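Visitor: Before we get going, could you pull the structure up for me? I'd like to ask why certain labels get used.

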Amino acid sequence: MKIDDATVRNIARLARIKLDEGEDKTLESELTGILQWVEQLGEVDTDGVEPMTCVTDRQIEMRKDEITDGGYADEIVRNAPERAGNFFVVPKVVE
Amino acid sequence: MADDAVPAHLINSSTGDWEMVIGLEVHAQVTSKSKLFSGAATEFGAKPNAQVSLVDAAMPGMLPVINEECVTQAVRTGLGLKAKINLRSVFDRKNYFYPDLPQGYQISQFTQPIVGEGEVALDMEDGEEVRVGIERLHLEQDAGKSLHDQDPKSSYVDLNRSGVALMEIVSRPDMRSSEQAQAYVLKLRSILRYLGTCDGNMEEGSLRADVNVSVRRPGAELGTRCEIKNVNSIRFIGQAIEYEARRQIEIIEDGGAIDQETRLFDPRTGETRSMRSKEEAHDYRYFPDPDLLPLEFSQSFVDDLAAQLPELPDQKKARFMADWELEHYDAEVLVAEKERADYFEEMVTLGADPKAAANWVLNTHLGRVNKEDIDFEKAPVSAQANTAILKMTDDGTISGKIAKDLYDLVWESGGDPEKLVEERGLKQVSDSGEIEKIIDEVIAANPKQVEQVKAKPQTLGWFVGQVMQKTGGKANPQMVNQLLRAKLEIAES
């Protein structure tokens, strides 16, 4: 599969990554290379093989429904570039 | 399902009939103490960011661990919707950017949800029965909350809701009128509340609906739909659908085409408007969340939960109808809220006649509760008091008119209905001598009306009214009627 320029720009926009001049060309060939490398796996016959989600035979861990966390709003907003009281403040998003 | 258009639901227009097709995605907040993947509290109304863990704030290196109770609640809900429970489901990441979504993705379930196909049955007021298919139910995280009105240039973000467990319940496009859509949400809410899996509080946002609306000529292929996001009251759901269907019809009749888009309902204007187009927002790039193993549980876990389910509205309704011969719609309204059904049952247990009790609860009691706009549980007239009032009406101690007055009296100032009847002398007068005396007075004082009633027997009601008034509503109306007819020489009608 070949990744073209438009796809690179679309992925970058979706991921909110700013591309500098010429960077899209580099990414185009790098991403295409990565995909082609992974595509080699397609040569393996996987008919009837269940997808493996974990190398060990583990089951999902569940926790009890108890309040064990939270209560430190000040810590939560500590890294915020801007705050008002314990709110995060962000540029206006309008719907 | 039913592809035959029902004429009553069609919208008539100069160019012919139109049919609306409605499907809903309901987001129901799971009742749990802590969040879906973190131990922070879920309670409504906390101070900003007071119920946020480092997981909910998406700090680097944090890992989600699933809340067992949220899984249980989703399975119970699935069982309540008579749906297929999937013993293995998968969590996916739904990627998009928004300030109140710190992870940059929502953990949701895409191709393999925890609950599959089910069904909700509706009894409409006009007797129509509608079955709405459930396509799926999946578990997902709620986002935080953005406040846009605190500052002209900024939005404020509170992550208390971030990570709270939601059940997204997706219906099939099986509804054909706004009334059906409203009835569906009410029924779903009722089932969730019986199960105790969601409190159904729409004002606090525990239950929100995304409404999909399209229109077509009866029997034609489905039209292009628009999705109206986050409608948060039953009334608004009705208004939004009515407005949206007419908007679409107008566009098509003017030769235009409907753009598939997301719209917002504005409660102030009663209109829907396009959300600023976010085409890329629909490119969610779902993929399985590598932080979470597939969600797996055994059939015996499901069976245990099934065995412990409470009696649900439909079962209760069937029982009320079978045991006490209640009408379909009356039974439906009685069982809609568990508190209401329990109240009615308590009255029957205390010895009230079931049909009379159903009428009384639905008309007198519920009427007053709605008029005062209070919660049913907070109504000051108890089931015991209402039973006493009904029993006294039934055995002729008080008249039907006095029963209503007595009810209002108990509502306003409390007290034991039987004592009140004694103290205030509200007993029905069934002593024919006493009634006759009053009738004689009325006849003597109104010779003109006496003339009239001989020619027009239907004016007898006026005399009944006069006698009732003179006795303060306490005279036995049947007796008054009989005695009047005898005295005025009017035959039984």
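Guide: Sure, and keep in mind that this is a predicted model.

Visitor: Let's start with charges. Why is B:Lys316 called buried?

Guide: Its relative accessible area is 5%, and buried means under 20%, so B:Lys316 makes the cut.

Visitor: What makes the pairing of B:Lys316 and B:Glu311 a salt bridge?

Guide: Their side chains meet at 3.1 Å, N to O, and the cut-off is within 4 Å. B:Glu311 sits at 27% relative accessibility; partly exposed runs between 20% and 50%, so B:Glu311 is partly exposed.

Visitor: How do you know that B:Glu345 and B:Lys316 form a salt bridge too?

Guide: That pair is at 3.8 Å, N to O, which is still within 4 Å. Both B:Glu345 and B:Lys316 are buried.

Visitor: Why is that pair said to tie parts together?

Guide: B:Glu345 belongs to helix H7 (residues 338–349) of chain B and B:Lys316 to helix H5 (residues 313–324) of chain B, so the pair ties together parts that are 29 residues apart in sequence.

Visitor: And B:Arg368 with B:Glu372: why are they said to be about one helical turn apart?

Guide: Because they are four residues apart in helix H8 (residues 354–372) of chain B. They form a salt bridge as well, with the closest N and O atoms 2.7 Å apart. B:Arg368 is at 11% relative accessibility, so it counts as buried, while B:Glu372, at 34%, is partly exposed.

Visitor: How many salt bridges does the structure hold over all chains?

Guide: The total is 46. Some are linked in a network made of B:Asp123, B:Lys187, B:Asp314, B:Lys317 and B:Glu332.

Visitor: Now B:Glu140. How do you know that it has no salt bridge?

Guide: The nearest side chain of opposite charge, B:Lys94, is 5.6 Å away, and a salt bridge has to be within 4 Å. B:Glu140 is buried all the same, in strand S8 (residues 129–141) of chain B.

Visitor: What makes its meeting with B:His138 a polar contact?

Guide: The side chains are joined at 2.9 Å, and the limit is within 3.5 Å. The side chain of B:His27 also makes a polar contact with the side chain of B:Glu140, at 3.3 Å.

Visitor: What about B:Asp92: how do you know that it lacks a salt bridge?

Guide: Similar reasoning. B:Arg136 is the nearest side chain of opposite charge, 6.9 Å away, against a cut-off of 4 Å. B:Asp92 is buried, and its side chain reaches the backbone nitrogen of B:Phe110 at 2.9 Å.

Visitor: Off to the loops. Why is B:Ile85 called buried?

Guide: Its relative accessible area is 14%, and the line is drawn at under 20%, so B:Ile85 qualifies as buried. It is found in the loop between helix H1 (68–80) and strand S4 (88–89) of chain B, in contact with residues including B:Val75, B:Ile114 and B:Phe297.

Visitor: And what makes B:Gly196 partly exposed?

Guide: Its value is 34%, between the limits of 20% and 50%. B:Gly196 lies in the loop between helix H2 (178–195) and strand S12 (207–216) of chain B.

Visitor: Last one, over on chain A. Why does A:Ile34 count as partly exposed?

Guide: At 49% relative accessibility, it doesn't get over the 50% needed for exposed. A:Ile34 forms a nonpolar surface patch with A:Trp37, A:Val38 and A:Leu41, with about 470 Å² of accessible area together.

Note on methods. Residues are numbered from 1 along each chain as its sequence is written. Chains are lettered from A and ligands numbered from 1 in the order in which they are written. This is a predicted model: local features need pLDDT of at least 70, side-chain atom pairs count only at pLDDT 80 or more; totals for chains, interfaces and linings use all residues. Side-chain values use heavy atoms; hydrogens and water are left out. Helices (H or I, at least four residues) and strands (E, at least two) are DSSP runs, numbered from the N terminus. Buried means under 20% relative accessible area, exposed over 50%, partly exposed in between (1.4 Å probe, protein chains only). Lys and Arg count as positive and Asp and Glu as negative; His and the chain ends are not counted. A polar contact is a pair of N or O atoms within 3.5 Å; within protein, one must be able to donate a hydrogen and the other to accept it, and residues adjacent in sequence count only if both atoms are side-chain atoms. Patches are made of residues with over 30% relative accessible area and no salt bridge: like charges are joined within 9 Å, nonpolar side chains (Val, Leu, Ile, Met, Phe, Trp, Tyr) within 5 Å. Accessible areas come from the Shrake-Rupley method with a 1.4 Å probe; for residues, only the protein chains shown count as cover. Contact means heavy atoms within 4.5 Å. Lists of a residue's contacts leave out its neighbours within four places in sequence.
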